[in-house]
Each structure stands twice: as C-alpha cells, then as structure tokens.
Amino acid sequence: MSLGQKLAPHLPFLRRYARALTGSQSHGDSYVKAALEAIIEAPEQFPADVDPRLGLYRTFQAIWSSANPELDDGGAQAVGREGIASARLSRITPLSRQALLLTAMEGFTAEDAAYLVDSTPAEVDELVADALAEIARQTRSRVLIIEDEPIIAMDLETIVRDLGHDVTGIAVTRDEAVAQALADRPGLVLADIQLADDSSGIDAVKDILARFTVPVIFITAFPERLLTGERPEPTFLITKPFQRATVKAAIAQALFFDTETVPA
C-alpha cells in the first residue's frame, strides 16, 4: 500500500482538527494542504517508525509550529471574530489548545499527543487542564440543543450546564429547532443530523443561519459524510458515540472564536 493510500482515511479528521484549531475552514485547510505538499516533496522524511495517522499529524504540527500563526502581530488590529480570538489567544498558550484538541477531540492518548507536541504525557495532562480552565473563565453562552434521542439530549444538557452555560431549549425536529431559535436566540447550537420526523439537523441549521449568525457544532455517527471537501462543511464536528471530554472541547473551541460570548 502506498503512503498516499495509508494517509487518505485520516485526512478528513486532520482537516477537522485543523479547522477547530484555527476556527476557520479555509485557514485550517490551508495548513493541511501545506502539510500534504511537504510530504509529497520529501516523502523520505515522513516518520516511518510510527502509525501513519500519527506521522500525518506530526507533519501537520511541524507546519503549524513553523508558521507561528498565533504570533502574527497583525492580529492585534483585527476586529470581530478574528479580534476576539486574537485577544483570547494572548491568554491561552497555543500548546494548551493543541493538547486539548488532540486528546479530547482527536482521541490521541496523552503519550501520542506528547509525541506530537514535543512534550511529556504528564505535561500534556496539565496543558489540557489549563486550556479548559482558561477557556471556561473567558466564555459563557446560551445553547440550543437539537437532538431527538432523549438520553443523549439530557447528557448534552448536563454537559452544557456543567460548563456554566444556559440551555435555551431542546428541539427534536427541524421546525421545532427553528421556532425555538427565533423565539430565544442562542449563542451556540448543538445539532444532531437525523431528527425525530426524518427531518435534517443540517437543514434546521441552514434555516437558523439564514436568520442570524451563530456557531454550530454538528453531532453525527458518520462524520466522513460531512467532510467531503465538496461543499461548505462544519467547522466543529463530533462523532457519535461521543465522549464528554470531546463535547466539552468542541464547545470550548466554538465559543473561543465567537464574538458574542462574554467573560465568565
């Protein structure tokens, strides 16, 4: 099997990580593209002594670190989404956010994450704790949950409230979701894909976004269906069955880049 064939199954998930890290589909995909170009130009330098997925993320990390995107002085003058992210980034070390996403969202062990960020497992655990604590201090929001499975909806509500956020409502259909969003505007939406009446959570979100802008986290058992590169894709995506830490990480990152969250 060629190197390209080994890496192909992991690319959608690397793109998810890059997007969550940058808060932007276009910026995230640019770093992924740069990593792939580096691999193509020098395949002999690709880590051969580790799992292909680990080697792929390691290459991405090298590109990300060398670019120093979070130290760009131009961000100090940014406004809106970029401005709020820049201000928050100044209070959270990039390494902490990377450790958080690599473990909680991408499912790497502390040992693997340590390899990816040139650290130790114990230091990774500390970085994750620091990131969650700092983001929690900086953000607070109101969340609409679109989920037709009662147990999952209750679990999500508990997670959201434990993080210090309020829940505006729980919707189980497309029409109900849109009605609730218009009646009580949320600052974040958690949306399942398949809803109770066979309607689509994607369509519900499109209807909501046609009225106002709000960060969205999609939840699905088939993430690859939303990571095709052929249409606008969600920046934040959680795979079912999910871990609580994954949901917490995604919420933290989504609100981290949102302009309307307020200091907690």
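# Exercises on a predicted model

The axes of helix α6 and helix α8 (residues 121-138) come within 8 Å and cross at roughly 105°. The structure used in these exercises is a predicted model.

## Exercise 1: Two crossing helices

Determine how α6 and α8 are oriented relative to each other, and identify the residues that make their contact.

**Solution.**

Step 1. The crossing angle of α6 and α8 is roughly 105°.

Step 2. Angles of 65 to 115 degrees count as roughly perpendicular. The helices α6 and α8 are therefore roughly perpendicular to each other.

Step 3. From α6, the contact involves Leu-95, Ser-96, Arg-97, Ala-99, Leu-100 and Thr-103. From α8, the residues involved are Val-124, Leu-127, Val-128, Asp-130, Ala-131, Leu-132 and Ile-135.

## Exercise 2: A glutamine in α6

Decide whether Gln-98 is buried or exposed, and list the residues that Gln-98 touches.

**Solution.**

Step 1. Gln-98 is located in helix α6.

Step 2. The relative accessibility of Gln-98 is 5%, and Gln-98 therefore counts as buried, the limit being under 20%.

Step 3. Leaving aside residues up to four places away in sequence, Gln-98 touches Tyr-17, Leu-21, Gln-61, Trp-64 and Val-117.

## Exercise 3: The two sides of α9

Describe the length of helix α9, and explain how its buried residues are arranged around the axis.

**Solution.**

Step 1. Helix α9 covers residues 150-162, which is 13 residues. From its first C-alpha to its last, α9 reaches 18 Å, close to the 18 Å expected at 1.5 Å a residue.

Step 2. Ala-153, Leu-156, Ile-159 and Val-160 are the buried residues of α9. They cover an arc of only 125° around the axis, so they lie on the same side of α9.

Step 3. A general rule helps here: an α-helix has 3.6 residues a turn, so residues three or four places apart point the same way.

Step 4. On the other side of α9, the exposed residues are Pro-150, Ile-151, Met-154 and Asp-162.

Step 5. The cover over the buried residues of α9 includes the strands β1 (142-146), β2 (166-171), β3 (188-192) and β4 (216-220), together with the helix α12 (244-256).

Step 6. After α9 comes Gly-164, which has a positive phi, near 95°.

## Exercise 4: Salt bridges across the chain

State how many salt bridges the whole structure holds. Then examine the pairs of Glu-106 with Arg-53, Glu-147 with Lys-240, and Arg-174 with Asp-203.

**Solution.**

Step 1. Side chains of opposite charge can pair when their charged atoms come close. The search of the whole structure finds 13 salt bridges.

Step 2. Glu-106 and Arg-53 form a salt bridge through their side chains, at 3.7 Å from N to O. Glu-106 is in the loop between α6 (94-105) and α7 (110-116), while Arg-53 is in helix α4 (residues 52-67), so that the pair links distant parts of the chain, 53 residues apart. Glu-106 is buried at 5% relative accessibility, and Arg-53 is buried at 18%.

Step 3. In the salt bridge of Glu-147 with Lys-240, the closest N and O atoms are 3.3 Å apart. This pair joins the loop between β1 and α9 to the loop between β5 (236-239) and α12, with the partners 93 residues apart. Both Glu-147 and Lys-240 are buried.

Step 4. Arg-174 and Asp-203 meet in a salt bridge at 3.8 Å, N to O. Arg-174 belongs to helix α10 (residues 174-183) and Asp-203 to helix α11 (residues 201-209), 29 residues apart. Arg-174 is partly exposed, at 29%, and Asp-203 is partly exposed, at 28%.

Step 5. Arg-15, Arg-19 and Asp-29 are joined into one network by salt bridges that share partners.

How values were computed
Residues numbered from 1 in each chain as written. Predicted model: local features only at pLDDT ≥ 70, side-chain atom pairs only at ≥ 80, totals over all residues. Heavy atoms only, no water. Helix = DSSP H or I, 4+ residues; strand = E, 2+ residues; numbered from the N terminus. Expected span 1.5 Å × (residues − 1). Buried < 20%, exposed > 50% of the residue type's maximum accessible area, 1.4 Å probe, protein only. Arc of directions from axis to C-beta. Contact = heavy atoms within 4.5 Å. Salt bridge = Lys/Arg side-chain N within 4 Å of Asp/Glu carboxyl O. Axes fitted to C-alpha atoms, helices over the stretch in contact; angles between N-to-C directions. Parallel < 35°, antiparallel > 145°, perpendicular 65-115°, else oblique.
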